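Me: I have a model open and would love to talk through some of its helices and contacts. Shall we go step by step?

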Amino acid sequence: MAVFNLTPSDPLTFILTGIPGLEAAHAWISIPFSTFYIIGLLGNFMVLFVVGKEQTLHKPMYLLLCMLALTDIGTSTSVVPKVLCIFWFNLKDITVGGCLTQTFFLHGVSMMHSAVLVTMAFDRYIAICNPLRYATILTNTRIAKLGLVGLMRAVFFILPLPMLLSRLLFCVNRIIPHTYCDHMAVVKISCGDITVNNMYGLVMAFLVIGLDLTLIALSYSLIMRAVLRISSKKVNQKALNTCTAHICVILMSYSPLLFSTLTHRFGQSIAPHIHIILANLYFLLPPMFNPIIYAVKTKELREKVGKYTCRIWLPGGH
(Lines give C-alpha, C1' and ligand atoms only; values in the text may rest on other atoms or scores of the structure.)
Protein backbone atom coordinates (compact mmCIF):
# COMPACT_ATOMS: atom_id res chain seq x y z
CA MET A 1 0.00 0.00 0.00
CA ALA A 2 1.40 3.39 -1.01
CA VAL A 3 1.95 5.74 1.90
CA PHE A 4 2.99 9.39 1.66
CA ASN A 5 3.40 12.41 3.89
CA LEU A 6 1.38 15.51 3.15
CA THR A 7 3.98 18.20 2.44
CA PRO A 8 3.49 21.39 0.37
CA SER A 9 6.20 20.36 -2.11
CA ASP A 10 4.51 17.01 -2.78
CA PRO A 11 3.38 16.73 -6.45
CA LEU A 12 0.42 14.56 -5.43
CA THR A 13 -3.03 16.09 -5.38
CA PHE A 14 -6.28 15.54 -3.56
CA ILE A 15 -9.70 15.22 -5.17
CA LEU A 16 -12.62 17.22 -3.79
CA THR A 17 -15.85 15.42 -4.63
CA GLY A 18 -18.23 18.34 -4.23
CA ILE A 19 -21.49 17.32 -2.55
CA PRO A 20 -21.55 13.49 -2.28
CA GLY A 21 -24.72 11.97 -3.71
CA LEU A 22 -25.74 15.18 -5.47
CA GLU A 23 -23.11 15.25 -8.24
CA ALA A 24 -25.82 15.22 -10.93
CA ALA A 25 -27.36 18.35 -9.42
CA HIS A 26 -24.09 20.33 -9.13
CA ALA A 27 -24.99 22.61 -12.06
CA TRP A 28 -28.33 23.51 -10.47
CA ILE A 29 -26.85 23.95 -6.99
CA SER A 30 -24.27 26.32 -8.47
CA ILE A 31 -27.02 28.84 -9.34
CA PRO A 32 -27.88 29.84 -5.73
CA PHE A 33 -24.21 29.43 -4.71
CA SER A 34 -22.94 31.86 -7.36
CA THR A 35 -25.87 34.26 -6.82
CA PHE A 36 -25.33 34.43 -3.05
CA TYR A 37 -21.56 34.87 -3.55
CA ILE A 38 -21.94 37.76 -6.02
CA ILE A 39 -24.58 39.52 -3.88
CA GLY A 40 -22.29 39.11 -0.86
CA LEU A 41 -19.30 40.60 -2.69
CA LEU A 42 -21.32 43.54 -4.01
CA GLY A 43 -22.88 44.26 -0.61
CA ASN A 44 -19.62 44.09 1.34
CA PHE A 45 -17.64 46.12 -1.19
CA MET A 46 -20.44 48.69 -1.11
CA VAL A 47 -20.10 48.96 2.70
CA LEU A 48 -16.30 49.37 2.39
CA PHE A 49 -16.70 51.97 -0.38
CA VAL A 50 -19.39 54.04 1.39
CA VAL A 51 -17.63 54.06 4.79
CA GLY A 52 -14.32 54.88 3.11
CA LYS A 53 -15.82 57.82 1.16
CA GLU A 54 -17.97 59.34 3.92
CA GLN A 55 -16.05 61.23 6.63
CA THR A 56 -19.15 61.18 8.87
CA LEU A 57 -18.93 57.38 8.99
CA HIS A 58 -15.34 57.29 10.21
CA LYS A 59 -16.46 56.09 13.64
CA PRO A 60 -15.68 52.93 15.67
CA MET A 61 -19.02 51.27 14.85
CA TYR A 62 -18.51 51.66 11.09
CA LEU A 63 -14.85 50.67 11.33
CA LEU A 64 -16.11 47.41 12.88
CA LEU A 65 -18.58 47.02 10.01
CA CYS A 66 -15.66 47.38 7.58
CA MET A 67 -13.73 44.68 9.47
CA LEU A 68 -16.80 42.44 9.32
CA ALA A 69 -17.12 43.12 5.57
CA LEU A 70 -13.45 42.21 5.00
CA THR A 71 -13.79 38.93 6.93
CA ASP A 72 -17.02 38.15 5.03
CA ILE A 73 -15.21 38.68 1.71
CA GLY A 74 -12.29 36.58 2.97
CA THR A 75 -14.38 33.63 4.22
CA SER A 76 -16.51 33.35 1.07
CA THR A 77 -13.60 33.90 -1.35
CA SER A 78 -11.44 31.26 0.38
CA VAL A 79 -14.06 28.61 -0.49
CA VAL A 80 -16.71 29.55 -3.08
CA PRO A 81 -14.54 30.05 -6.23
CA LYS A 82 -13.11 26.52 -5.89
CA VAL A 83 -16.59 25.12 -5.21
CA LEU A 84 -17.90 26.74 -8.40
CA CYS A 85 -14.93 25.29 -10.36
CA ILE A 86 -16.02 21.84 -9.15
CA PHE A 87 -19.68 22.49 -10.01
CA TRP A 88 -19.14 24.12 -13.42
CA PHE A 89 -15.95 22.61 -14.83
CA ASN A 90 -15.53 19.40 -12.79
CA LEU A 91 -12.11 20.68 -11.67
CA LYS A 92 -11.91 18.51 -8.56
CA ASP A 93 -8.13 18.31 -8.16
CA ILE A 94 -6.39 20.48 -5.59
CA THR A 95 -2.65 20.46 -4.93
CA VAL A 96 -1.24 19.72 -1.49
CA GLY A 97 -0.03 23.33 -1.18
CA GLY A 98 -3.41 24.61 -2.34
CA CYS A 99 -5.21 22.41 0.17
CA LEU A 100 -3.04 23.50 3.12
CA THR A 101 -3.34 27.16 2.09
CA GLN A 102 -7.13 26.91 1.83
CA THR A 103 -7.30 25.21 5.26
CA PHE A 104 -5.26 28.03 6.82
CA PHE A 105 -7.22 30.88 5.24
CA LEU A 106 -10.75 29.55 5.68
CA HIS A 107 -10.21 28.72 9.37
CA GLY A 108 -8.07 31.80 10.02
CA VAL A 109 -10.52 34.29 8.52
CA SER A 110 -13.42 32.51 10.27
CA MET A 111 -11.65 33.05 13.60
CA MET A 112 -11.08 36.71 12.70
CA HIS A 113 -14.80 36.96 11.91
CA SER A 114 -15.60 35.62 15.39
CA ALA A 115 -13.23 38.14 17.00
CA VAL A 116 -14.96 41.01 15.16
CA LEU A 117 -18.37 39.81 16.43
CA VAL A 118 -17.04 39.80 20.02
CA THR A 119 -15.70 43.35 19.58
CA MET A 120 -19.06 44.45 18.15
CA ALA A 121 -20.84 43.02 21.21
CA PHE A 122 -18.43 44.99 23.42
CA ASP A 123 -19.13 48.10 21.31
CA ARG A 124 -22.90 47.72 21.87
CA TYR A 125 -22.34 47.12 25.59
CA ILE A 126 -20.39 50.37 25.98
CA ALA A 127 -22.85 52.31 23.77
CA ILE A 128 -25.85 51.27 25.90
CA CYS A 129 -24.44 50.73 29.39
CA ASN A 130 -21.84 53.51 29.44
CA PRO A 131 -22.83 55.99 26.68
CA LEU A 132 -21.16 59.06 28.24
CA ARG A 133 -17.74 57.39 28.11
CA TYR A 134 -18.25 55.69 24.72
CA ALA A 135 -16.17 58.23 22.76
CA THR A 136 -13.23 57.97 25.16
CA ILE A 137 -13.30 54.18 25.61
CA LEU A 138 -13.81 53.17 21.97
CA THR A 139 -11.70 55.30 19.67
CA ASN A 140 -10.82 54.39 16.07
CA THR A 141 -7.24 53.67 17.17
CA ARG A 142 -8.42 51.31 19.91
CA ILE A 143 -10.71 49.47 17.49
CA ALA A 144 -7.80 49.09 15.04
CA LYS A 145 -5.65 47.65 17.86
CA LEU A 146 -8.41 45.20 18.82
CA GLY A 147 -8.60 44.17 15.16
CA LEU A 148 -4.83 43.55 15.15
CA VAL A 149 -5.14 41.42 18.32
CA GLY A 150 -7.90 39.39 16.59
CA LEU A 151 -5.63 38.86 13.56
CA MET A 152 -2.69 37.76 15.73
CA ARG A 153 -4.95 35.37 17.65
CA ALA A 154 -6.19 33.82 14.39
CA VAL A 155 -2.66 33.30 13.05
CA PHE A 156 -1.43 31.89 16.39
CA PHE A 157 -4.25 29.33 16.70
CA ILE A 158 -4.69 28.40 13.03
CA LEU A 159 -1.06 28.17 11.83
CA PRO A 160 -0.59 24.78 13.60
CA LEU A 161 -3.47 23.26 11.55
CA PRO A 162 -1.62 22.98 8.20
CA MET A 163 1.55 22.06 10.11
CA LEU A 164 -0.25 19.19 11.85
CA LEU A 165 -1.79 18.10 8.54
CA SER A 166 1.64 18.02 6.88
CA ARG A 167 2.89 15.38 9.35
CA LEU A 168 0.01 12.97 8.67
CA LEU A 169 0.39 9.81 6.58
CA PHE A 170 -1.94 9.28 3.62
CA CYS A 171 -2.44 6.00 1.81
CA VAL A 172 -4.20 5.22 -1.48
CA ASN A 173 -7.32 7.27 -0.69
CA ARG A 174 -6.89 10.85 -1.87
CA ILE A 175 -10.61 11.63 -2.19
CA ILE A 176 -11.96 14.29 0.19
CA PRO A 177 -15.77 13.96 0.33
CA HIS A 178 -16.27 17.71 0.63
CA THR A 179 -16.37 20.92 -1.40
CA TYR A 180 -13.29 22.42 0.29
CA CYS A 181 -10.27 21.42 2.39
CA ASP A 182 -11.82 21.55 5.82
CA HIS A 183 -9.29 20.49 8.46
CA MET A 184 -11.32 17.55 9.76
CA ALA A 185 -12.35 16.41 6.26
CA VAL A 186 -8.65 16.06 5.33
CA VAL A 187 -7.79 14.44 8.69
CA LYS A 188 -10.47 11.76 8.20
CA ILE A 189 -8.87 10.36 5.02
CA SER A 190 -5.48 9.86 6.69
CA CYS A 191 -4.33 6.29 7.41
CA GLY A 192 -2.03 7.45 10.22
CA ASP A 193 -2.58 8.43 13.83
CA ILE A 194 -4.95 11.41 13.90
CA THR A 195 -5.26 11.77 17.70
CA VAL A 196 -3.26 15.02 17.91
CA ASN A 197 -5.19 16.61 15.03
CA ASN A 198 -8.50 15.54 16.54
CA MET A 199 -7.66 16.87 19.98
CA TYR A 200 -6.19 20.15 18.74
CA GLY A 201 -9.17 20.82 16.46
CA LEU A 202 -11.68 20.05 19.22
CA VAL A 203 -9.88 22.05 21.93
CA MET A 204 -9.37 25.00 19.59
CA ALA A 205 -13.03 24.97 18.48
CA PHE A 206 -14.41 24.88 22.02
CA LEU A 207 -11.77 27.21 23.46
CA VAL A 208 -12.15 29.89 20.80
CA ILE A 209 -15.83 29.56 19.85
CA GLY A 210 -16.77 28.81 23.47
CA LEU A 211 -14.86 31.85 24.79
CA ASP A 212 -16.21 34.17 22.09
CA LEU A 213 -19.82 33.04 22.61
CA THR A 214 -19.42 33.41 26.38
CA LEU A 215 -18.15 36.99 26.00
CA ILE A 216 -20.99 37.82 23.59
CA ALA A 217 -23.58 36.28 25.95
CA LEU A 218 -22.08 38.22 28.88
CA SER A 219 -22.23 41.51 26.93
CA TYR A 220 -25.87 40.97 25.99
CA SER A 221 -26.93 39.86 29.47
CA LEU A 222 -25.46 43.11 30.85
CA ILE A 223 -27.17 45.06 28.04
CA MET A 224 -30.53 43.41 28.81
CA ARG A 225 -30.14 44.20 32.50
CA ALA A 226 -29.39 47.85 31.70
CA VAL A 227 -32.30 48.07 29.22
CA LEU A 228 -34.81 46.62 31.70
CA ARG A 229 -33.84 49.34 34.18
CA ILE A 230 -34.74 52.09 31.69
CA SER A 231 -38.20 53.42 32.50
CA SER A 232 -38.72 55.22 29.16
CA LYS A 233 -40.34 52.89 26.61
CA LYS A 234 -38.95 54.91 23.68
CA VAL A 235 -35.36 54.78 24.95
CA ASN A 236 -35.85 51.11 25.80
CA GLN A 237 -37.00 50.35 22.25
CA LYS A 238 -34.13 52.33 20.71
CA ALA A 239 -31.55 50.46 22.82
CA LEU A 240 -32.96 47.08 21.81
CA ASN A 241 -33.13 48.15 18.16
CA THR A 242 -29.39 48.87 18.08
CA CYS A 243 -28.71 45.26 19.13
CA THR A 244 -31.18 43.47 16.84
CA ALA A 245 -28.94 43.54 13.76
CA HIS A 246 -25.97 42.23 15.71
CA ILE A 247 -27.96 39.37 17.28
CA CYS A 248 -29.21 38.33 13.79
CA VAL A 249 -25.64 38.29 12.48
CA ILE A 250 -24.40 36.25 15.49
CA LEU A 251 -27.13 33.61 15.08
CA MET A 252 -26.52 33.35 11.33
CA SER A 253 -22.74 33.10 11.75
CA TYR A 254 -22.40 30.68 14.65
CA SER A 255 -25.28 28.27 13.88
CA PRO A 256 -23.80 26.64 10.71
CA LEU A 257 -20.26 26.88 12.15
CA LEU A 258 -21.19 24.99 15.33
CA PHE A 259 -23.28 22.50 13.37
CA SER A 260 -20.38 21.68 11.01
CA THR A 261 -17.83 21.43 13.85
CA LEU A 262 -19.99 19.07 15.92
CA THR A 263 -21.17 16.99 12.93
CA HIS A 264 -17.58 16.16 11.92
CA ARG A 265 -17.03 14.53 15.30
CA PHE A 266 -20.39 13.39 16.59
CA GLY A 267 -22.85 13.43 13.68
CA GLN A 268 -22.26 10.08 11.99
CA SER A 269 -26.03 9.63 11.51
CA ILE A 270 -26.37 12.89 9.52
CA ALA A 271 -26.33 12.41 5.73
CA PRO A 272 -23.06 13.74 4.19
CA HIS A 273 -24.84 15.95 1.64
CA ILE A 274 -26.89 17.64 4.40
CA HIS A 275 -23.72 18.28 6.43
CA ILE A 276 -21.80 19.69 3.45
CA ILE A 277 -24.64 21.92 2.21
CA LEU A 278 -25.09 23.39 5.72
CA ALA A 279 -21.31 23.80 6.12
CA ASN A 280 -21.22 25.77 2.85
CA LEU A 281 -24.04 28.03 4.05
CA TYR A 282 -21.58 29.50 6.59
CA PHE A 283 -19.55 30.85 3.65
CA LEU A 284 -22.61 32.06 1.72
CA LEU A 285 -25.40 33.38 3.97
CA PRO A 286 -23.56 35.63 6.51
CA PRO A 287 -21.52 37.42 3.77
CA MET A 288 -24.72 37.99 1.78
CA PHE A 289 -27.04 39.05 4.61
CA ASN A 290 -24.67 40.97 6.92
CA PRO A 291 -24.42 44.12 4.75
CA ILE A 292 -28.18 43.97 4.06
CA ILE A 293 -29.04 43.65 7.78
CA TYR A 294 -26.78 46.52 8.82
CA ALA A 295 -27.89 48.74 5.94
CA VAL A 296 -31.54 48.20 6.92
CA LYS A 297 -31.08 48.57 10.69
CA THR A 298 -28.54 51.46 10.69
CA LYS A 299 -30.17 54.70 9.56
CA GLU A 300 -26.95 56.61 8.86
CA LEU A 301 -25.48 53.81 6.74
CA ARG A 302 -28.80 53.22 4.97
CA GLU A 303 -29.00 56.88 3.89
CA LYS A 304 -25.41 56.96 2.61
CA VAL A 305 -25.80 53.65 0.73
CA GLY A 306 -29.03 55.01 -0.79
CA LYS A 307 -27.22 58.17 -1.90
CA TYR A 308 -24.46 56.28 -3.70
CA THR A 309 -26.89 53.72 -5.16
CA CYS A 310 -28.90 56.58 -6.68
CA ARG A 311 -25.72 58.05 -8.15
CA ILE A 312 -24.86 54.71 -9.77
CA TRP A 313 -28.32 54.11 -11.25
CA LEU A 314 -29.14 57.76 -11.94
CA PRO A 315 -25.90 59.44 -13.13
CA GLY A 316 -25.96 63.12 -12.33
CA GLY A 317 -28.63 62.61 -9.66
CA HIS A 318 -28.21 63.66 -5.99
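Me: Which residues in helix 1 are buried?
Reply: Happy to help, and keep in mind that this is a predicted model. Helix 1 covers residues 26-53, and buried here means under 20% relative accessible area. The buried residues are H26, I29, S30, F33, S34, Y37, G40, N44, M46, V47, V50 and V51.

Me: Nice. What do the buried residues of helix 1 pack against?
Reply: Helix 1 has 28 residues and reaches 40 Å from its first C-alpha to its last, close to the 40 Å expected. Its buried residues pack against helix 2 (60-77), helix 3 (80-89), helix 11 and helix 12.

Me: Are helix 11 and helix 12 roughly parallel or roughly perpendicular to each other?
Reply: The axes of helix 11 (residues 272-297) and helix 12 (residues 299-313) come within 5 Å and cross at roughly 105 degrees. Angles of 65 to 115 degrees count as roughly perpendicular. Helix 11 and helix 12 are therefore roughly perpendicular.

Me: How many charged residues does the contact of helix 11 with helix 12 have?
Reply: On the helix 11 side are Y294, A295, V296 and K297, which meet K299, L301 and R302 in helix 12. By class, this contact has 4 nonpolar residues, no polar ones and 3 charged.

Me: Where does T179 lie, and which side chain does its own side chain make a polar contact with?
Reply: T179 sits in the loop between strand 5 (175-176) and helix 8 (183-187). T179 is buried, with a relative accessible area of 0%. Beyond its neighbours within four places in sequence, its contacts include V83, F87 and I276. The polar contact of its side chain, at 2.9 Å, is with the side chain of N280.

Definitions and conventions. Residues numbered from 1 in each chain as written. Predicted model: local features only at pLDDT ≥ 70, side-chain atom pairs only at ≥ 80, totals over all residues. Heavy atoms only, no water. Axes fitted to C-alpha atoms, helices over the stretch in contact; angles between N-to-C directions. Helix = DSSP H or I, 4+ residues; strand = E, 2+ residues; numbered from the N terminus. Parallel < 35°, antiparallel > 145°, perpendicular 65-115°, else oblique. Contact = heavy atoms within 4.5 Å. Nonpolar A, V, L, I, M, F, W, Y, C, P; charged D, E, K, R; others polar. Expected span 1.5 Å × (residues − 1). Buried < 20%, exposed > 50% of the residue type's maximum accessible area, 1.4 Å probe, protein only. Polar contact = N/O pair within 3.5 Å; in protein donor to acceptor, adjacent residues only side chain to side chain.
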